[in-house]
Amino acid sequence: LPASALVASAFGLVVGRPTLRLKGAYLAMATIGIGEITQLVLLNWTKVTGGALGMKGIPSPRLAGLEIASEVQFFYLIFAVLILVFWLTDRILSSKIGRAFLAVRENETAAEVMGIDVPRLKLLAFTVSTFFAGIAGSLVAVWVGYVSPYGFGFKESVAFLCMVLAGGMGSRLGPVIGVVVLGLGREAFRVFN
């Protein structure tokens, strides 16, 4: 879990440095393009990723010698990680850097005039968000026991974006509500497949 978070944040730092110079639709297109390129690299790098077959047999996590294998145990693990992430984001947002994040989100020009290094702060926000995405990806991998390059393509990226937008981007609880509502909706409509 920590290794996946650190690798994801390092990747976010490398990718974020050139792409965050873009704005609006150009930034969106660049991130979509990087996602597609990453998927192609993972598909063709068969020695490391297993290619189209993916990686099977990912073992269940162990905490203090206890294997987490049942659905109830996974629920409590994910719930504990969610609480930890909420606590960390609360600590970040109530700090000086967090207030600078909020200032940049509200008005980049005004934040820059007030002396905030906007490009550096955007890169830090991008890196922190990829750190949390790495944690989430690691949890998905141990839950399913399998990862594949097809697991997180353009369609899934749009679904995640819709979940965030449905709950509201301005709050920490909003995306969680969006995930619950759209996730339950997706499961309810699965009977029509």
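## Rings, salt bridges and a pocket beside H7

Let's start with a single side chain: tyrosine 76 has a relative accessibility of 55%, over the 50% cut-off, so this residue counts as exposed. Please keep in mind that the model is predicted. The points below go from aromatic pairs to salt bridges, then to helix H7, a pocket and two distances along the way.

**Aromatic pairs**

- How many aromatic pairs are there? The count comes to four.
- One of them joins phenylalanine 75 and tyrosine 76, with 5.4 Å from centre to centre and 75° between the planes, an edge-to-face arrangement.
- Phenylalanine 131 and phenylalanine 132 also pair: their ring centres are 5.8 Å apart, and since their planes stand at 75°, over the 60 degrees needed, the pair is edge-to-face.
- The two partners of this second pair fall into different accessibility classes by the cut-offs of 20% and 50%. Phenylalanine 131, at 28% relative accessible area, is partly exposed because this value lies between the two. Phenylalanine 132, at 17%, is under 20% and therefore buried.
- Phe75 and Tyr76 are also members of an aromatic cluster, in which Phe79 takes part as well.

**Salt bridges**

- Side chains of opposite charge can pair when their charged atoms come close. The whole structure holds five salt bridges.
- One of the five is formed by lysine 23 and glutamate 108, at 3.1 Å from N to O. Because lysine 23 sits in the loop between H1 and helix H2 (24-44) while glutamate 108 belongs to helix H6, this contact ties together parts that are 85 residues apart in sequence.
- Glutamate 108 has another partner in lysine 122, with 3.2 Å from N to O. Here the contact ties together parts 14 residues apart in sequence, because glutamate 108 is in helix H6 and lysine 122 in helix H7.
- Is lysine 122 buried or exposed? Its relative accessibility is 18%, which is under 20%, so lysine 122 counts as buried.
- Lysine 23, by contrast, is exposed at 51% relative accessible area. Glutamate 108 is partly exposed, with 29% relative accessibility.
- Aspartate 117 and arginine 120 make a further salt bridge, at 3.8 Å from N to O. Aspartate 117 is partly exposed, with a relative accessible area of 41%, and arginine 120 is exposed at 51% relative accessibility.
- Through shared partners, salt bridges link Lys23, Glu108 and Lys122 into one network.

**Helix H7**

- H7 contains 27 residues, and the distance from its first C-alpha to its last is 39 Å, close to the 39 Å expected at 1.5 Å a residue.
- Just after H7 comes glycine 145, whose phi is positive at about 80°.

**The second largest pocket**

- How much space lies in the second largest pocket? The volume is about 200 Å³.
- There are 13 lining residues, and Leu20, Arg21, Val118, Pro119 and Arg120 are the closest to the pocket's centre.
- Helix H1 (2-19), helix H6 (108-113) and helix H7 (118-144) are the elements that give two or more residues to this lining.
- Which element gives the most? H7 does, with five residues.
- Sorted by class, the lining of the second largest pocket has seven charged, four nonpolar and two polar residues.
- Arg120, one of the residues closest to the centre, is also the partner of aspartate 117 in the salt bridge described above.

**Two distances along the chain**

- Arginine 21, also among the residues closest to the pocket's centre, is located in the loop between H1 and H2. With a relative accessibility of 68%, over 50%, this arginine counts as exposed.
- Arginine 21 and threonine 89 are separated by 68 residues in sequence and by 25 Å in space, C-alpha to C-alpha.
- Alanine 10 belongs to helix H1. Why does alanine 10 count as partly exposed? Its relative accessibility is 42%, which lies between the cut-offs of 20% and 50%.
- Alanine 10 and threonine 130 are 120 residues apart along the chain, with 8.3 Å between their C-alpha atoms.

Definitions and conventions
Residues numbered from 1 in each chain as written. Predicted model: local features only at pLDDT ≥ 70, side-chain atom pairs only at ≥ 80, totals over all residues. Heavy atoms only, no water. 1 Å grid on protein atoms, 1.4 Å probe; cavity = no way out; pocket = protein on both sides within 12 Å on 5 of 7 lines; lining within 4 Å. Points joined across faces, edges and corners; volume = space filled by probe spheres on them. Helix = DSSP H or I, 4+ residues; strand = E, 2+ residues; numbered from the N terminus. Nonpolar A, V, L, I, M, F, W, Y, C, P; charged D, E, K, R; others polar. Phe/Tyr/Trp six-rings, centres within 6.5 Å; stacked < 30°, edge-to-face > 60°. Buried < 20%, exposed > 50% of the residue type's maximum accessible area, 1.4 Å probe, protein only. Expected span 1.5 Å × (residues − 1). Salt bridge = Lys/Arg side-chain N within 4 Å of Asp/Glu carboxyl O.
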